[in-house]
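Me: I've got a structure to get my head around, and I'd like to go through it piece by piece. Can you take my questions in turn?

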Amino acid sequence: MSQAAPTVDATRAGTFDAIQSALRRNTWTLGLLVFLAILLVFTRLIQPTYGATGIQGLANSVLPLALAATAQAIVVISGGIDLSIGSMMALTSVVAASNMQDQSDLFSVGVVIGVLLLGLLLGAVNGAVIVVTRVPDIVVTLAMAFVWSGCALLVLRTPGGGSAQWLEDLVLGPLGNEWIPKAGVVLVLIVAAIWIPVSRSRFGLSLYAIGSNQLAAFRSGVSVGRTKIFAYMLGGLFSALGGLALTASTGRGTPVPGPYTLLSVAAIVLGGVSLAGGRGGVFGPLIGVVILQLIRTDMTFLKLDPNLATVAQGLILIGVVMLGSLLQQRRSRA
Amino acid sequence: MTVTQTTDLLLEASGIAKTYGAVVALKSASLAVRPGEVHALMGANGAGKSTLVKILTGAVRPDSGTISVRGKPRVAHSPADARRGGIVSVYQEPALIPDLDVRSNLRLTETPLPNFRHWLDELGINGLDLGRLVREVPLATQRVIDLARALAIEPDVLMLDEMTAALPANLTERVLEVIGRQRGGDRSVIFISHRMIEIAAVCDRATVLREGETVGVVDVTPGSEERIVELMLGDIVQSMPGASRTAQDRNGAEPRLVVRDLTARTKLQGVSFELHPGEVLGVVALEGQGQDELFDILAGSDRPSGGEVRVDGKPVSFRHPADAIRAGLVYVAADRAEALLPQRSVRENIALPFVTRVRRWGPINLGREGKAVKGAIETLQIDTRAAREVRRLSGGNQQKVTIARWVASGIRTMLCFDPTRGIDIRTKNQIYVLLRDLAAEGAAVLIYTSELKEIQLVCDRVIVIFGGRVVGELDAANADEPALLRAAYNLKSDALMPEEIAAEVVAEAAAAAHPETDQ
């Protein structure tokens, strides 16, 4: 599985063993990377002009979904599921766009911070409702999806508003070398800056613990309810980042949520996160997002009917996950 | 029954009550644990033991009553809270996170690593790779890891809730040894087990619960087992089948089940036996000698790699448990969770196997089903106060439900794999009686049990499996515990036994000699 449990002092077990066990644990992620590389070569073959511009476009289109997938991965690892991610992205996006339009840079920085806090709040509401009412995650977040998207329409009736220039500059365009898209760098930095410290903390362990075996976690002294709320708060935070990314890359706010919720589920499944909870990480899903997007791009290059492309995307998802679990079964039997 | 003369109690609980809706789990339970003692908490299933444990560990809040630790009142609000207050528990199911490695699990509970290593050594597990995922570690080792982790925290009160019930014999011995050494210090152990031998071996005193009340505190001395069982049972008269039975005349009858040279990969290496109608055939084996595979094959959930199985003279090969059920071989597992739908009612659980056959996918004849189910519930005396959801029944009653579902549809051949694991004496007795009754009505029963005492009570004949082979066959009359143990360890009856096994045999034989089991 992709970077399941963080091992802090793995170095003591000998570097070779450490590398070997790291490889063993990250087989899925490595496999995805290989698949991605093959896909890139394939893209280059069918479209010889695909190059720096292509990568640039890929990074820009991937950014919001990648953040949504990170949000989903964290929640699913903790044993839940968040069907309100798309709506939270829409709400945070319109709040950002409507407040940032024609304002000073300093004010817009305040708006960004406010929007991130809003994301934490939305997530906290999701989590708290689940923990307090004991209504299943899937029901609560489905209901909250309606609530948040209604709120988004209350804030902004039609697409509009604007983005601060610095925010757009932050994600659009290359960074120095034309092959390095800013969106990609920003994505990796944000995810690494938040996820790595979290996954190494006791909270990160608790996150895997409640997703893996809730009773055992409870008996080990983990506060299940609190951990769950934190997981949803992190989900809300990443959704808000996704909303900001939407505003930054389009230059306005869109109150109707895109297909991000279900795509995020697809991406994490592809990225090796178990829907049963407890297994997986966030880097696998990131690669999963890129793969999903690249497959779409290839379909357009092949001049396939876009509707057919959607069908193909679904079939590929099933195929890859099935192949993966077959390989894993064989490995564990050997 | 609170002990009041000692003022320096480590843990004192009194007047604890808890009701769940209409079900009274605890009426008035008390428990007083002195420092440095190993204290047994005894009670039949449903007596309220598990509720009391949950209250002490903070998983459940009591409706009333007081709890104090070292004289200070303290009600834990969560296991984390109880842990901080010095109460740590270990359950039969290890509280380890399967998807984390061992080291991360230790970090989760903030367990000091050197202490953990020390206790792991004491418990006889050496060279454990802390980087391994828990789910890749054998279950028995997981249980020991869980115990070592609890010991490493050095709690004031260590609570062991049937943690030995599913341990292999050699590890149990090690665990008991370590627990025994905890005596006399500043800390105490609360020990819960259905095995009287273990209680006698390590406990100083025993508190007995019955129907939600503490009915007595007994000093554990040689001979006190009888008193404990009396307290547990109350005035319910035990009816126990006699050990001697008239030998059945099997000459004319065709055997119900014939197994010839059955092999399964490396686990079974040519097992042969016959099972006759009206017979209860015991299987005795140490942990992992191939008995699991044998039962899996006969129940249709695994396939043999060679050999022959005949049912009523016809060779069979099962591809699915449904095939085995159709051939009349029904399976009762040790682990109730494997067999039951925990959220569904007693009725649905009992009716499940005979309404799910494809040709009966039409509307369910509720009237007929109801009659069959009711009959089965009565036969087994299932306590149906919480019949709407099976998971709310006690373990013993759950096991009765798994048996009842086969009784309801009429049993030809029953395969029981350790059916009385973790079940109290009273329910055990009822199950023994039931198995005898089934045999008397012409059913054939194959039973594996880890409790050798059961063999003479319930079986006509017993086969012993060692290393995937049948190494012995005894009549019930000769199958006392020493004989079975010798056979199970594959020792010739005149050979010298290793010292520790001999000691165990003597201890168990002594325990078996007490009349608790065959009054």
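Me: Let's start with a helix. Which strands of chain B does helix 15 lie across, and at about what angle does helix 15 run to strand 18?

Reply: Keep in mind that this is a predicted model. Helix 15 of chain B covers residues 425–440, and it lies across strand 13 (280–284), strand 17 and strand 18. Its angle to strand 18 of chain B is about 150°.

Me: What is the order of the strands in the open sheet of 6 strands in chain B?

Reply: The pairing in this sheet is mixed. Strand 16 (329–332) and strand 20 (469–475) of chain B are the edge strands, each pairing on one side only. On average, neighbouring strands are turned by 20° against each other, direction ignored. Reading across the sheet of chain B, the order is 16-17-18-13-19-20.

Me: In what sense do strand 17 and strand 18 of chain B pair, and which residue stands opposite T413(B)?

Reply: Strand 17 of chain B takes in residues 413–417, and strand 18 takes in residues 444–448. The two pair in the parallel sense, over 5 bridges. Opposite T413(B), in strand 18 of chain B, stands A444(B).

Me: And helix 17 of chain B: at about what angle does it run to strand 20?

Reply: Helix 17 is made of residues 481–488 of chain B. It lies across strand 13, strand 19 (461–466) and strand 20 of chain B. Relative to strand 20, helix 17 runs at about 165°.

Me: Is D418(B) buried or exposed?

Reply: D418(B) sits in the loop between strand 17 and helix 15 of chain B. Its phi is positive, about 50°, although it is not a glycine. For the burial call, 20 or more other C-beta atoms within 10 Å is the cut-off. D418(B) has 22 of them, so it counts as buried.

Me: What about D261(B): buried, exposed or partly exposed?

Reply: D261(B) is found in strand 11 (residues 257–264) of chain B. Phi here is near 50°, a positive value in a residue other than glycine. The in-between class lies above 12 and below 20 other C-beta atoms within 10 Å. With 13 of them, D261(B) is therefore partly exposed.

Me: Why is one side of strand 12 and of strand 15 of chain B left without a neighbour in the sheet?

Reply: These strands belong to an open, antiparallel sheet of 4 strands in chain B, with the order 12-11-14-15. Strand 14 (residues 306–311) and strand 15 of chain B pair over 3 bridges, and there R310(B) has P315(B) as its bridge partner. Strand 12 (268–275) and strand 15 (314–316) of chain B each have one side free because they stand at the edges, each with a single partner strand.

Me: How many bridges join strand 1 of chain B to strand 4?

Reply: Strand 1 (residues 11–20) of chain B also runs antiparallel to strand 2 (residues 23–33), with 7 bridges between them. In that pair, I16(B) stands opposite A29(B). With strand 4 (residues 64–69) of chain B, strand 1 is again antiparallel, and A17(B) has S64(B) as its bridge partner. The number of bridges joining strand 1 to strand 4 of chain B is 5.

Me: Which residues touch the most other members of the largest nonpolar core?

Reply: That core holds 172 residues. Leaving out residues up to four places away in sequence, A148(B) touches F116(B), W119(B), L120(B) and L123(B). Apart from this core lies another, of 81 residues, with V280(B) and L446(B) among them. In the largest core, the residues touching the most other members are A148(B) and F191(B).

Me: Which helix supplies the largest share of the side of chain B that touches chain A?

Reply: Here 18 residues of chain B are in contact with 23 residues of chain A. Helix 2 (79–84) and helix 3 (102–108) of chain B each supply at least two residues of chain B's side. By class, that side has 9 nonpolar, 4 polar and 5 charged residues. The largest share, 4 residues, comes from helix 3 of chain B.

Terms used
Residues are numbered from 1 along each chain as its sequence is written. Chains are lettered from A and ligands numbered from 1 in the order in which they are written. This is a predicted model: local features need pLDDT of at least 70, side-chain atom pairs count only at pLDDT 80 or more; totals for chains, interfaces and linings use all residues. Two strands pair if DSSP finds at least two bridges between them. Axes are lines fitted to C-alpha atoms, for helices over the stretch in contact, and angles run from 0 to 180 degrees between N-to-C directions. Two residues are in contact if their C-beta atoms, placed from the backbone, lie within 7 Å. Ala, Val, Leu, Ile, Met, Phe, Trp, Tyr, Cys and Pro count as nonpolar, Asp, Glu, Lys and Arg as charged, and the others, Gly among them, as polar. A nonpolar core is a set of buried Ala, Val, Leu, Ile, Met, Phe, Trp, Tyr and Cys residues joined through C-beta atoms within 7 Å.
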